[in-house]
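Let's take a walk through a protein model together. Have a look at the sequence and the 3D view, and then we'll visit a few spots one by one.

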Amino acid sequence: MAILDKIRRKTTILILIIGLALFAFVISGIFSTNAFSGAKVGSSVAEVNGDEISIDGFREQVEIASKSYGANASSMQVVNNVYEQNVRNAILDQQFEKLGIVVEQDQIVNFLRTNPTYSQLPQFLNENGVFDENKFISFIADLKLNNPAGYQQWLQEEQSIIRAAKEQIYFNLIRAGVGTTLKEGELDYKLANDKFDISYVRVPYASILDSTVAVSKSEIESYVKAHSEDFKQQDSRDIQFVYFEEKASLSDEKEVEEKINALLGDTQMFNEAKDTTETVRGFRNTLDNIAFLDVNSDTKFDTIYKPKSSLSPKVADTLVKMNIGQIYGPYRDGNTFKVSKLTGKRAGGNVKASHILIAFAGATSAGEEVTRTKEEAESKAKEVLSEAKKSGAVFADLAKENSDGPSGPRGGDLGFFQEGAMVKPFNDFVFNNGTGSIGLVETDFGFHIVKVEEKQDLYQVANLVREVEPSEGTIDLLFQDATKFEMSTVENSAKFEEVAKQDNYLVRPVNKLNPMDENLPGLGAQRAIVQWAFNSDSEIGDVKRFDLNDGYAVVRLTAKYAKGLMTSEDASPVVLPILRKQKKAAMINEKNKGKSFDAFAKDNNVSAATASAISVKTPTIAGAGREPAVAGTAYVLAEGKTSGLIEGESGVYMVTVTKKTPATKLENYSTFANTLKASNSTRVNTSVYQALKAASEIEDNRSMFY
């Protein structure tokens, strides 16, 4: 903050320059001084350093944002995004107010004059084609008078742009104080390029069994208190659930299969109007596949001819060997039963070809750089054709060297296409000649040397499809099972896992749920379950059944975590390995205090190893992994010197520096200083905001409303 105050006192000119260059296209001060004043009506959805965020305004923003997001985001994603933006706005607004950062009208108008978004619109130009601020102001005034909805939309856009401008000013003021000296650039260069080789001995922590290292609860508590910033926790919950999925039973599947089988053969039906019995053709013999599938299938007849690669892999090999009119099935395909009928086949109907286009001046799509005559183009095309037909010729290379077409850089490859996709002369050649054929074709585009690369047969398949869905009986039984499980555990939730095991139900845990979470692993978006878990009336051990779109979930609340410092039990999974490693390091250090390099290796029954070309910025040691403490220690040792014991990431080390290769000295380190400065500058926006947020008092009340 001291740096920022100095910048503020000495940078009046800087502020003016930044304002002229960065102010967004805004004009609200001309018409209104209280637009979007943020009046706080009713309860607050959050409080940031004492400033409330009104739930009424927040809901309006959520509604607007929902329309903008559409189906691309869930309702809770929209709420959370709007919340984060509001918190950011509140935190930064407080900084703007402290520093007196404002957007002035003359700066706004000047920006409009230089911004093509507005300065080039015809309605804002004078007779000389120059942006006229009076015309722009008149336009906004007319908008306010005659188009209130348009004016309100403008005000919303305006406010967001004002904010963006203020943020740019604020972060640029901070960025202006981020500097890097040549010495810092030199150090950064050396840390990356000073290389050293080492010989090292490592006694791994894994050589001491965890079971031999005792860590007490009080030690964990002391560690947590000493590192309290690392062990802060928010309100959270643990739950477990059994999911009763609404899916078809074996009897449901059998029923669907029987129904689809019944549609295959012909049936006899009495026609009352004609007083006769008529034969109704089944799928096997129907003469109108389109009409039959419209009435009897869950999907319509896809008349498109497709290559084998586009057919279902499960049955493709079988279908392509069938005769026209032959059927296959019923067979299970995903969540459906199908019967497939081969209704058409086009031998060689899918062709892959390559070409070399020799264009001439005046030909369709010929570029200005094409100046050869038609006669010259034909002559060159015949020469290239002759080359292409020679033994060993690589057609793709000839295309890259000679083709005027857009496919030239990729070797003339046109991919696969069906009949009719190309102009007639080209089409006729590729479909009337076999694979490997090369010939010359003339079209309006020029002369083509064409090669038929590959041919595929195409197939038309009619699919009689019936989805496998749970019957009403299955759904009723599922409800009974879920209710029975709920009732058997609600009185004694300790039996939750026991009862589930008896009935072969899978119990799934979800740990550390946050108040605003929505998606649960294995269940998807289930906001109601999260709200129940955080309800003040819900106690640990409570069980409740929830109706889902595709079944039921019986949920048990297993743990509550209050906002604040983690308990030793909650922190144990993280702290225990750390303390064990510290104790192991102390044990190894005590055992090997004062020993030489060779004695350290011998007494611990380990061999010395070597690693080369290590630097402080790349502290990876061959055979040991990333070890920054070891690399840092070796960096400051002279060549030939040996270190003491070093507590590394994976064990205790002793190193001898066998060779040092200093980085080449440079005349100037400005390039590295500038790179370092640029790297630091790019982190200003994110780092500064995160620091401000971490230092803020934020009361989040979203879960009270959503």
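In which strand does Lys-512 lie? The answer is β14, which covers residues 507–513. Keep in mind that this is a predicted model.

**Unusual backbone spots**

Lys-512 is a nice place to begin, as its phi is positive, at about 55°, although it is not a glycine. Here's the background: most residues other than glycine have a negative phi, and most peptide bonds are trans. Ser-365 also has a positive phi, near 70°, and isn't a glycine either. You'll find Ser-365 in the loop between β10 (336–358) and α15 (374–388).

How open are these spots to the outside? The table puts them next to a serine from a helix.

| Residue | Where | Relative accessible area | Class |
|---|---|---|---|
| Lys-512 | β14 (507–513) | 36% | partly exposed |
| Ser-365 | loop between β10 and α15 | 67% | exposed |
| Ser-681 | α24 (670–682) | 11% | buried |

Ser-681 counts as buried because its 11% relative accessibility is under the 20% cut-off. Setting aside neighbours within four places in sequence, Ser-681 is in contact with Arg-175 and Val-178.

There's a backbone oddity in strand β9 (residues 327–333) too, where Pro-330 is found. The peptide bond from Gly-329 to Pro-330 is cis, with omega near 5°.

**The nonpolar cores**

Now for the inside. In soluble globular proteins, nonpolar side chains tend to be buried together. Here, the largest nonpolar core has 33 residues. Among those with the most contacts inside this core are Phe-58, Val-79, Tyr-170 and Val-688. Which elements each supply at least two residues of this core? They are β1 (44–48), α4 (55–69), α5 (75–99), α9 (148–176) and α25 (684–694). Helix α5 gives the largest share, 11 residues.

Zoom in on Val-688 for a moment. Leaving out its neighbours within four places in sequence, Val-688 is in contact with Tyr-170, Phe-171, Ile-174 and Arg-683. Apart from the largest core lies another one, of 17 residues, including Ile-239, Tyr-243, Trp-532 and Phe-534.

**A helix with two sides**

Helix α11 (residues 217–226) has three buried residues: Ile-220, Tyr-223 and Val-224. Why do these count as being on the same side of α11? They cover an arc of only 100° around the axis, and that puts them on the same side. The spacing fits a handy rule: an α-helix has 3.6 residues a turn, so residues three or four places apart point the same way. On the other side of α11, Lys-225 and Ala-226 are exposed. As for the buried residues of α11, what covers them includes β19 (564–565) and α21 (568–591).

**A pocket to explore**

Last stop: the second largest pocket, with a volume of about 800 Å³. It is lined by 21 residues, and the closest to its centre are Tyr-83, Gln-234, Lys-563, Ile-698 and Asp-700. Two or more lining residues come from each of α5, β4 (232–233), α25 and β25 (698–700). Strand β25 gives the most, with three residues. What kinds of residues make up this lining? By class, five are nonpolar, six are polar and 10 are charged.

Methods
Residues numbered from 1 in each chain as written. Predicted model: local features only at pLDDT ≥ 70, side-chain atom pairs only at ≥ 80, totals over all residues. Heavy atoms only, no water. Core = buried A, V, L, I, M, F, W, Y, C linked by side-chain atoms within 4.5 Å. Buried < 20%, exposed > 50% of the residue type's maximum accessible area, 1.4 Å probe, protein only. Helix = DSSP H or I, 4+ residues; strand = E, 2+ residues; numbered from the N terminus. Contact = heavy atoms within 4.5 Å. 1 Å grid on protein atoms, 1.4 Å probe; cavity = no way out; pocket = protein on both sides within 12 Å on 5 of 7 lines; lining within 4 Å. Points joined across faces, edges and corners; volume = space filled by probe spheres on them. Nonpolar A, V, L, I, M, F, W, Y, C, P; charged D, E, K, R; others polar. Arc of directions from axis to C-beta.
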